[in-house]
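Please open the model in your viewer and keep the sequence panel beside it, since the stops below move from the whole chain to a few selected strands.

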Amino acid sequence: MSVNTSIGLIAVSRQADKNTPAAEPAFQHGLTGGQVFKLDRSVESAGVSCGVRAGTDSYVDSIGTGVDFETYGYSDVLPLYLYGAMGNIASAQNAKDTALYDHTITLGDVLDYFTFWGRIGNEYTKTEGCKIDQIELEFEGNKPMPFGITAIGMGADLGLTSIPGGKDPSCFDGYFVPTGGTFKLDTSSSTPTDAPVVKGSLTLANSCETSQLAGQITPGSVDEGKLKTSGSVTVKPDDLALYKQMVTGSPTGTKPTGEMVYGSFEWCFRHSKNPKHTLVISSGRVPFTCDFPEVAPDGGAAELEFTFDDIGIESAGGSPITITITNDVESYV
């Protein structure tokens with residue numbers, strides 16, 4: 001029987017520490033693509049000259065493990081992934097509805113380790129000692145928001161008979177969408193206002209690297225680097241005030257300034273099935289860049305794509321972005 005690629009699941013749980021894989025997943029959800037199990041196996045030649053015009057032996061130099069998949073923004077598990085990428089999460093009961101909880105995710109110094117379980121067809125795998133290396137999200141119009149998640153691990157198991165725990169997947173509970181959301185932007189202040197946003201994207205990259213120890217095939221640790229926050233927001237404006245603000249510091253400015261002008265954005269997404277669940281992504285110190293619009297003989301409304309790369313922080317304890325998710329999960333750590 002062939003391996004049916006339409007049957008796929010991923011499950012995840014936070015580890016207590018680097019060397020203790022989780023016993024069973026805390027969350028399980030569906031996928032839109034990608035690999036639930038990724039193994040990079042490096043094979044080298046022994047490089048011996050032995051009186052013949054060919055090599056004599058090869059060996060396995062290293063084995064890297066991980067996961068690299070695409071999914072939708074399921075409200076129960078998404079805070080865990082974003083916490084894994086950012087490093088800090090604070091959870092509190094919602095002030096208006098005591099059945100809900102607000103989870104605020106910001107920059108932290110150290111990333112936690114995670115265990116992933118995967119299924120494709122009737123094959124089951126486990127990847128342990130993982131850190132979230134990168135998360136990508138994008139939105140456009142009213143399309144469901146895709147999330148890409150890449151994690152790097154230290155160990156792997158193949159041939160499992162099932163994903164332990166029997167937890168129901170989140171596939172049927174809805175996910176975050178742009179529909180009904182609000183999108184704010186300003187290119188010269190920390191207070192964004194409603195803007196005619198067409199689409200946007202955000203990438204959180206941790207530059208994770210593995211440490212290979214002598215005598216070990218799999219890594220001895222996964223070490224995160226600097227968090228790099230990049231992305232874009234595209235608008236279809238009535239005029240070029242947002243562009244002028246970015247370049248001159250004022251919507252009525254006429255001379256480009258050599259001083260850095262920081263902008264801001266706030267994106268609020270709604271849930272496709274539960275209107276009480278929300279996702280808010282914001283930043284107040286964004287170094288936007290944008291090209292002046294081009295003339296098009298066929299006409300049409302101009303679009304401005306404001307991009308940003310490596311958002312910094314203004315003071316100790318700050319965060320490049322702040323993400324707040326409201327759902328019915330009490331806590332994640």
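How many helices and how many strands are there in the protein? Colouring this predicted model by secondary structure brings up 2 helices and 20 strands.

With the whole protein still selected, orient the view along the principal axes, where the C-alpha atoms fill a box of roughly 75 × 60 × 45 Å. If you then switch on the surface, the exposed area comes to about 16700 Å², of which carbon and sulfur atoms supply 47%, while buried residues make up 43% of the 333 residues. A contact map makes a useful companion here: among contacts between residues at least 6 apart in sequence, 70% join residues at least 24 apart. Colouring by charge, you can pick out 22 positive and 41 negative charges, whose mean positions lie 2 Å apart.

Next, select strand β13, residues 197-205, together with strand β8, residues 123-140; the two run antiparallel and are joined by 7 bridges. To find one of the points of pairing, display Glu138 and look across to Ser201, its bridge partner in β13.

Keep β13 selected and add strand β16, residues 228-235, which pairs with β13 in the antiparallel sense over 8 bridges. Here the residue to display is Thr203, whose bridge partner in β16 is Ser230.

With side chains shown, a general point may help in reading the view: in a regular strand they alternate between the two faces of the sheet.

As a last view, show the three strands together, with β13 joined to β8 by 7 bridges and paired with β16 over 8.

Methods
Residues are numbered from 1 along each chain as its sequence is written. This is a predicted model: local features need pLDDT of at least 70, side-chain atom pairs count only at pLDDT 80 or more; totals for chains, interfaces and linings use all residues. Side-chain values use heavy atoms; hydrogens and water are left out. Two strands pair if DSSP finds at least two bridges between them. Helices (H or I, at least four residues) and strands (E, at least two) are DSSP runs, numbered from the N terminus. Buried means under 20% relative accessible area, exposed over 50%, partly exposed in between (1.4 Å probe, protein chains only). Contact means heavy atoms within 4.5 Å. Accessible areas come from the Shrake-Rupley method with a 1.4 Å probe; for residues, only the protein chains shown count as cover. Lys and Arg count as positive and Asp and Glu as negative; His and the chain ends are not counted. The place of a charge is taken as NZ of Lys, CZ of Arg, CG of Asp or CD of Glu.
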